[in-house]
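Colleague: Please choose one part of this structure, the surroundings of the ligand, and take me through it slowly. I would like to know what lies there and where the polar contacts are.

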Amino acid sequence: MSTIKLQVVSPEKMVCDKDISMLIVRSTGGELGILPKHAPLVTGLIPHAMRIKSDGQEALMAVAGGFMEVTPELITVLTPAAEEPEQIDVNRAQAAYARAKQRVEAFKAAPAQHSEIDIDRAEAALARAKARLIATNTAIN
Ligand code: ATP
């Protein structure tokens with residue numbers, strides 16, 4: 001079966017470097033499925049749980065946004081942070097989710113009274129936490 005190399009690079013380390021059969025990501029332009037020999041492209045990524053297919057199995061990986069470059073043989077994801085499910089501290093992600101959700105809800109209910117809240121930052125934190133919870137199959141409430 002044909003494969004394509006996936007390299008996921010964060011400032012700290014190479015999170016993933018392996019041959020896969022398909023990657024499904026949420027780009028800034030919508031969902032994309034990348035197969036071997038895909039046409040070259042560069043796109044932004046939004047925080048989400050990427051789906052990585054290899055050896056007939058599908059695995060999830062949380063990414064905190066960033067960029068993806070695709071060439072026919074290589075997918076490079078350059079991201080501020082990425083974790084495989086077993087690297088994710090679920091309690092930490094749940095706490096981050098609750099914190100960000102509370103900020104977003106407070107701001108949306110009364111923006112003028114919450115000028116101290118950076119809504120873009122809170123929404124980005126919420127999306128990162130949600131990606132980590134989805135990657136670990138944790139219920140979100
Ligand atoms: P928090 O508020 O909990 O720090 P965050 O979304 O602000 O969450 P990031 O800035 O995205 O955190 O990531 C900072 C570093 O911490 C990265 O190396 C990332 O991989 C790691 N990290 C963040 N959350 C978790 C988690 N729940 N489990 C494991 N590592 C995490």
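**The shell around the ligand**

Modeller: By class, the shell around the ligand is made up of seven charged, four nonpolar and one polar residue, where Asp, Glu, Lys and Arg count as charged, Ala, Val, Leu, Ile, Met, Phe, Trp, Tyr, Cys and Pro as nonpolar, and the others, Gly among them, as polar. The model is predicted, so to speak of local features requires a pLDDT of at least 70 and of side-chain atom pairs a pLDDT of 80 or more, whereas totals for chains, interfaces and linings use all residues. Residues are numbered from 1 along each chain as its sequence is written, and side-chain values use heavy atoms, with hydrogens and water left out.

The charged members of the shell are E12, E83, D89, R92, R99, R128 and R132, the nonpolar ones are A81, I88, A93 and A96, and Q87 is the polar one; each has a heavy atom within 4 Å of the ligand.

Seen by element, α1 and α2 each supply at least two residues of this shell, and α1, with four, gives the most. Helix α1 covers residues 90-109 and α2 covers residues 119-135, which places R92, A93, A96 and R99 in α1 and R128 and R132 in α2.

Three side chains can be followed to oxygen atoms of the ligand, each as a polar contact (a pair of N or O atoms within 3.5 Å). For R99, in α1, a side-chain N or O atom is 2.8 Å from a ligand oxygen, while for R132, in α2, the corresponding distance to an oxygen atom of the ligand is 2.9 Å. E12 brings a polar side-chain atom to 3.0 Å from an oxygen atom of the ligand. On its own the ligand has 590 Å² of accessible area, and the protein covers 71% of it (Shrake-Rupley method, 1.4 Å probe).

To place this part in the whole, the protein chain has 10 strands and two helices, taken as DSSP runs (H or I, at least four residues; E, at least two) numbered from the N terminus. Along the sequence the 10 strands are followed by α1 and α2, and the C-alpha trace spans about 55 × 30 × 25 Å along its principal axes.

How values were computed: Polar contact = N/O pair within 3.5 Å; in protein donor to acceptor, adjacent residues only side chain to side chain.
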